[in-house]
Amino acid sequence: MEQWAQLYELWSGQIKAGTDLPFWQDLFVNFYQSFIHADRWTQYLEGLGRTLQITVMALILGVILGVIVAVLRTAHDQQRFGHKNWLLGVINTLCKLYTTIIRGTPMMVQLLIMGLVIFSQSRNFALVGALTLGINSGAYVAEIVRSGLMSVDSGQMEAGRSLGLNYITTMRFVVVPQAVKNILPALGNEFITLLKDTSLITVIGGKEMLYAAQAIYAKTYAPMMPLIATALMYLVVVILFTWLLGKLERRLRESDRR
């Protein structure tokens with residue numbers, strides 16, 4: 001490493017003096033100053049950790065919101081003719097308004113509204129970003145879960161109710177376990193989208209992987225290496241999660257055969 005540092009000092013000095021270096025020497029200088037100099041590689045790892053933390057917080061919020069909205073809307077849609085509950089009707093309208101507004105406006109605009117208007121006094125940009133991502137994801141998860149619940153044959157609900165189970169118990173033990181297998185791939189795709197969308201919170205000052213890359217190339221004036229490293233880190237995490245999701249889906253298919 002000491003020899004690398006000496007080469008870096010020598011060749012970076014030549015670049016500052018205006019000397020044209022061979023491509024591989026210029027590449028080495030860019031690599032060294034982007035990752036090794038001043039232990040900058042640790043900034044990428046810290047950014048990755050914050051990205052995963054924000055993603056998990058947003059995912060938990062999105063799933064909770066999405067499931068609540070989906071169950072309420074499904075309960076409204078499955079009411080018997082002539083037995084309509086007016087309260088469920090009002091809640092269903094509010095839920096539809098929520099999903100329409102969130103799905104119909106860009107994520108970037110939502111982040112700016114949350115960061116610069118609603119929480120303009122807050123300095124916890126990462127938490128504001130996670131909250132915004134969670135609210136946004138909740139609208140998509142709601143439609144995913146609702147479609148999964150509606151895909152289960154209505155006879156399953158009727159069978160559960162005929163056995164004396166109430167609506168919530170029937171949903172929990174009869175309908176939801178069947179719906180999960182249908183919605184798992186779509187939920188996995190939503191998680192991947194959510195993970196990549198964390199890069200957008202840099203617009204309100206949130207610190208994650210892209211923020212770390214920007215901080216490094218602001219000092220080195222060489223954006224290629226930090227941005228490529230950030231893209232590769234996102235790619236590796238997405239590939240890893242896709243592989244884990246595939247294993248889970250295979251497990252569920254095997255349990256069906258048994």
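In the predicted model, Val203 is located in the loop that links helix 8 (167-197) to helix 9 (209-220). The relative accessible area of Val203 is 36%, so this residue is classed as partly exposed. Val203 also belongs to a nonpolar patch on the surface, whose other members are Met108, Val109, Leu112, Ile113, Leu116, Val117, Ile118 and Phe119. Together, the residues of this patch have about 740 Å² of accessible area.

The loop between helix 8 and helix 9 also contains Ser199. With a relative accessible area of 19%, Ser199 is buried, because the limit for this class is under 20%. When neighbours within four places in sequence are set aside, Ser199 is in contact with Glu208, Leu210 and Tyr234. Two of these residues, Glu208 and Tyr234, appear again among the contacts of Thr51.

Thr51 is placed in helix 3, which spans residues 41-77. Its relative accessibility is 0%, and Thr51 therefore counts as buried. Apart from neighbours within four places in sequence, the residues in contact with Thr51 are Leu195, Thr198, Glu208, Met209 and Tyr234.

Leu195 is likewise a contact of Val237, a residue of helix 10. Beyond the neighbours within four places in sequence, Val237 is in contact with Leu48 and Leu52 as well as Leu195. Val237 and Gly49 are separated by 188 residues in sequence, while the distance between their C-alpha atoms is 11 Å.

Met171 lies in helix 8. This residue counts as buried because its relative accessibility is 5%. Its contacts, with neighbours within four places in sequence left out, are Thr74, Gln78, Leu149, Met157, Val176 and Pro177. Measuring from C-alpha to C-alpha in the model would place Arg50 at 36 Å from Met171, and the two residues are 121 apart in sequence.

Backbone geometry was examined in the loop between helix 2 (23-36) and helix 3, where Ala38 is found. Most residues other than glycine have a negative phi. Ala38, by contrast, has a positive phi, near 55°, and is not a glycine. At 61% relative accessibility, Ala38 counts as exposed, since the class begins over 50%. Asp39 is situated in the loop between helix 2 and helix 3 as well. Its phi is also positive, at about 50°, although Asp39 is not a glycine. Asp39 has a relative accessibility of 47% and is therefore partly exposed.

A patch of positive charge is present on the surface, where Lys247, Arg250, Arg251 and Arg253 gather. One of these residues, Arg253, lies in helix 10, which comprises residues 224-257. The relative accessible area of Arg253 is 42%, so Arg253 is assigned to the partly exposed class.

Notes:
Residues numbered from 1 in each chain as written. Predicted model: local features only at pLDDT ≥ 70, side-chain atom pairs only at ≥ 80, totals over all residues. Heavy atoms only, no water. Patch = residues over 30% accessible without salt bridge, like charges linked within 9 Å, V, L, I, M, F, W, Y side chains within 5 Å. Areas by Shrake-Rupley, 256 points an atom, 1.4 Å probe, with all protein chains shown as cover. Salt bridge = Lys/Arg side-chain N within 4 Å of Asp/Glu carboxyl O. Lys, Arg positive; Asp, Glu negative; His and termini not counted. Charge placed at Lys NZ, Arg CZ, Asp CG, Glu CD. Helix = DSSP H or I, 4+ residues; strand = E, 2+ residues; numbered from the N terminus. Buried < 20%, exposed > 50% of the residue type's maximum accessible area, 1.4 Å probe, protein only. Contact = heavy atoms within 4.5 Å.
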